[in-house]
Amino acid sequence: MVRRKKQLFRSTCTIAFLLLVPFLLTGCWSSRELNRSALVAGAGFDKENEKYKMTIQILQPLKLIPKTRGQSKTATFITNETGQTVFETIRTFPHKTTRKLFWSHCQIFVIGREMAQESIPQTLDWFYRNQELRPLSFIILSKDKASDVIKAKTPLNPIAAYDVADTVKTLTDTSDAPIVHLMDFMAQVSSPVEAAYMPEMSKSEIVGTGVFLHDRLVGVLNLDESKGLLSLNGQVKSGQITVPAIKDHGKHMTVEIIDESTKKEARFKNGKPEVSYHLNYVVDIADDPYLFKHDDQTFHKIERLVEQRVKQDAVRCINKVKSYHADVIGAGEEIERQDPRIWERLVKNWEDKFPHIPIHVDVKVHVRHEGIIQGSK
């Protein structure tokens with residue numbers, strides 16, 4: 001009798017579960033058909049007659065497959081619209097595309113120079129809120145108009161916006177400028193110091209770094225100063241440093257960055273802060289006109305030369321961002337970490353106090369070896 005009750009109970013539970021499953025498996029209830037969507041690969045923002053001008057690059061998947069060998073076609077369609085707000089501009093695009101824009105494939109957002117001098121977060125707010133968009137899309141400052149970057153033709157990728165995104169990704173290897181995602185930039189401008197940065201491009205080439213204060217562009221760093229910014233923020237992953245050759249005067253040698261670490265330290269004298277940056281580099285000799293093995297004394301001379309070059313870039317960056325009143329090097333963050341009470345007093349009008357904070361830079365470089373031909377140190 002007990003056994004029959006157990007079997008009946010199991011059967012009842014199984015039937016109830018099977019009846020419930022169809023309600024749990026909702027399927028693609030919120031799906032978007034590809035033939036009814038315009039897949040956006042990249043978007044640029046400019047100002048035109050006091051309105052937002054948005055230029056977008058739309059994927060054309062069928063043109064990614066050439067009909068004959070060697071044949072190539074443009075795999076994107078470029079169009080633009082204007083409006084009083086970003087959302088209004090987006091809603092007018094279907095008049096030209098005949099499809100609703102789909103943003104999940106968008107990899108880059110490009111901000112024109114004129115637009116950058118206004119409120120960038122206000123421009124990007126809709127995209128940051130949108131559930132379709134990936135917050136890991138790259139954000140880039142254009143040296144001129146954003147449409148110049150969106151419209152630029154690239155030889156290696158039929159989707160130009162994706163080629164620009166690949167260019168940004170290579171900054172991990174070159175350390176010429178920072179890599180900034182949409183969510184990174186929005187986090188920076190909403191921090192207590194309200195300072196942010198993003199790489200600057202001219203068409204499809206990285207040329208420096210844009211510096212923002214209170215969500216507006218206040219200046220730019222050149223490539224050397226951008227390297228200093230990366231060093232001070234501990235964001236150097238790889239790259240190269242060129243210095244005068246030791247043995248052959250008038251020529252140059254290059255070292256490859258193997259590892260970099262940054263330690264920040266805030267100290268207080270009579271309640272006034274000072275911030276020190278300790279930069280440590282491990283490098284290898286990449287090329288050198290001197291074709292023979294160096295002695296220890298020469299290694300030390302090379303290390304001093306590289307230290308001078310790294311410090312020079314860092315100091316130039318510090319002087320430049322101080323002139324912009326934009327603390328993009330994390331000095332205030334370190335002061336807050338060391339003494340939150342002092343920071344609470346300083347954070348108000350920090351942009352006026354930051355230029356007067358003493359900042360020191362100490363660099364240590366270790367040359368690991370000069371390659372398998374020359375032997376190890």
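What follows is a short exchange about strands and cores in a predicted model.

Colleague: Why is strand β8 called largely enclosed by the rest of the structure?

Modeller: Buried means under 20% relative accessible area. Seven of the nine residues in β8, which spans residues 205-213, are buried, so the strand is largely enclosed.

Colleague: What makes β7 and β8 a pair?

Modeller: Two strands pair if there are at least two bridges between them. Strand β7 (residues 195-202) and β8 have eight bridges, in the antiparallel sense, so they pair by that definition. Within this pairing, E200 stands opposite G208 in β8. The hairpin of β7 and β8 has two residues between the strands, and K203 takes a positive phi near 60° there.

Colleague: How do you know that β8 also pairs with β9?

Modeller: The cut-off is at least two bridges. β8 and strand β9 (residues 216-221) have five, again antiparallel, so they too count as a pair. G210 stands opposite V220 in β9. In the hairpin of β8 and β9, with two residues between the strands, H214 takes a positive phi near 50°.

Colleague: What makes a set of residues a nonpolar core?

Modeller: Its members are buried nonpolar residues of certain types, joined through side-chain atoms within 4.5 Å. The largest such core has 81 residues, and F45, W103, F127, F185 and I329 touch the most other members. Helix α11 (residues 296-323) gives the largest share of this core, eight residues. A second, separate core of 22 residues includes A41, I159, A161 and V168.

Colleague: Which residues does I329 touch, leaving out those up to four places away in sequence?

Modeller: Among them are L229, L232, Y277, I318, V321 and F354.

Methods
Residues are numbered from 1 along each chain as its sequence is written. This is a predicted model: local features need pLDDT of at least 70, side-chain atom pairs count only at pLDDT 80 or more; totals for chains, interfaces and linings use all residues. Side-chain values use heavy atoms; hydrogens and water are left out. Buried means under 20% relative accessible area, exposed over 50%, partly exposed in between (1.4 Å probe, protein chains only). Helices (H or I, at least four residues) and strands (E, at least two) are DSSP runs, numbered from the N terminus. Contact means heavy atoms within 4.5 Å.
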